[in-house]
Amino acid sequence: MTAPAFLDARTDQVRPLHVLQREQFGAWCAQQAPAVAAWLQAQGFGAAPGTLALLPGDDGVAGAVLGIADAGDPLSYGHAPMGLPSGSAWEVVSELSADARAALELGWGLGAYRFDRYKTATRAPARLLRAAADARTDDLLAACLRVRDLVNTPTEDMGPDELEAVVRRIGAEHGAQVEAVTGDALLERNFPAIHAVGRASHRAPRLIALRWGAEDAPKVSLVGKGVCFDTGGLDLKPADGMRNMKKDMGGAAHAIALAELVMRQRLPVRLTLLVPAVENAVGPNAFRPGEIIATRTGVSVEIDNTDAEGRVILGDALAHAGEDKPEVLLDFATLTGAARIALGPELPVLFSNDDTLANAWLAAGERTRDPLWRLPLWRPYLRYLTSHVADLANAGSRMAGAVTAALYLERFVPAGTPWAHLDVYAWNDSDRPGRPAGGEAMALRAAFEMLRSRYAG
């Protein structure tokens, strides 16, 4: 972040901020001085969602009014930090519920974020005075910003090695065990599909594993697609399709951030995080269309398209996760363009083999205003993954692309394991209040709320 989003101690420069929904504005305005009401009327201000107005005073700005929609939606407040004067300090004087206050602080932090690793920000966000920090809100914010930072960092500085280093730092902070199976050791340890996808890169492929929590606690496993850059392999992407492929590790970013959040909040679970981290590169030993590769479960896979590599590495990781017989298995992946065509860039697609798990995640999304939408695991579409020379093809049809990708993954989830797969974009194509262009956390807060409700009550 370019500057601290919050103040924990009052200064002389803190100004009052009125937070209003449109239907509250008339009654509030009637209680103000005639000059203030006239000033707002002259600007046509009516506290519409996403608007704000500065209030004049003898020394310049005396205060401000922030128009919002849903008081429980953090993004309702996302326009404040960059809409208010640079570096200014504000105290909300409107009465807000505890939930609305938490949403305000989370939204303020999301709106204040700028990725400044390589470029100095041109302005500082406005800051919010808080009576006291809320640990859960701060941890949720940190998790969302962790996703943004990881996805925004270009591959030269966020390849498989660097992704492993991030997991190791987080693990050390929380006393977790971390190991990585790297390079040809993947073949020795029976992760042949991960090796096949990543073998052409000068950066060795690996499976990063973090384990934390009491051995006898309920088991929760998280898996994240860590394709640190995706050229498409020998089925090369066009330039515009390759441009933002540093974000193809967005699933890993979500899984890592969620694991960190679980540990920060000390949920009473036995946590396993698995990140297959590779670059899908072009080289003399790149895996080829028509090649048949082995997998951890013994299922043979014909490569129909080398640009459908994410599901290939996830298959090995999901199979390994399932060997622990977890109560909950979640995976996150920037898996298909078909999911974006179906639901657009803002709404992640959920697939699950367990209605209870899926409904819990959906309900948590509604509570946290962090939405996702379920699509079916329509098993008749497995016919689109038929191979005449192997047990399974990794692709094969333009029909129902998000569904067939999820069906491919399900083949590697042990029967009886409650599993949910999130096909997520992990990216904002343009700047919007609270959602700066670049990497984005989606349905992450909902995932944590689902786990928190299940294990912490």
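How far apart along helix 6 are arginine 168 and glutamate 164? Keep that in mind while you open the model, which is a predicted one.

**Stop 1: helix 6.** Select residues 160-174. This is helix 6, with 15 residues, and from first C-alpha to last it reaches 21 Å, close to the 21 Å expected at 1.5 Å a residue. Now colour its buried residues: Pro160, Leu163, Glu164, Val166, Val167, Ile170, Gly171 and His174. Look down the axis of helix 6 and they fall within an arc of 155 degrees, so they line one face of the helix. Swing round to the face turned away from that buried side, and you'll meet the exposed residues Arg169 and Ala172. What do the buried residues pack against? Among their partners are helix 5 (135-152), strand 7 (177-182) and helix 10 (250-264). Just after helix 6 comes glycine 175, with a positive phi near 70 degrees.

**Stop 2: the charged pair.** Back to the opening puzzle: arginine 168 and glutamate 164 are four residues apart in helix 6, so about one helical turn separates them. Show both side chains and you'll see a salt bridge, with the closest N and O atoms 2.8 Å apart. Arginine 168 is partly exposed, at 35% relative accessible area, while glutamate 164 counts as buried at 12%. Glutamate 164 also forms a salt bridge with arginine 206 (2.7 Å, N to O). Since glutamate 164 sits in helix 6 and arginine 206 in strand 8, the pair ties together parts that are 42 residues apart in sequence.

**Stop 3: the core.** Pick out Trp108, Leu163, Leu258, Leu271, Leu330, Trp361 and Leu451. Of the 83 residues in the largest nonpolar core, these touch the most other members. Which helix gives the most to this core? Helix 10 does, with 10 residues. Zoom in on leucine 330: leaving aside its neighbours within four places in sequence, its contacts include Val223, Leu258, Trp361 and Leu451. A separate second core of 43 residues includes Leu274, Leu314, Leu385 and Ala405.

**Stop 4: a three-stranded sheet.** Next, find the open sheet with strand order 12-13-17 and mixed pairing. Strand 12 (292-293) and strand 17 (392-393) are at the edges, each with a single partner strand, so one side of each has no neighbour in the sheet. Strands 12 and 13 (residues 301-302) pair in the antiparallel sense over two bridges. Select isoleucine 292 and you'll find glutamate 302 of strand 13 opposite.

**Last stop: another buried pair.** Select arginine 445 and aspartate 370, whose side chains meet in a salt bridge (4.0 Å, N to O). Both are buried.

Technical notes: Residues numbered from 1 in each chain as written. Predicted model: local features only at pLDDT ≥ 70, side-chain atom pairs only at ≥ 80, totals over all residues. Heavy atoms only, no water. Expected span 1.5 Å × (residues − 1). Buried < 20%, exposed > 50% of the residue type's maximum accessible area, 1.4 Å probe, protein only. Arc of directions from axis to C-beta. Contact = heavy atoms within 4.5 Å. Core = buried A, V, L, I, M, F, W, Y, C linked by side-chain atoms within 4.5 Å. Pairing = 2+ DSSP bridges.
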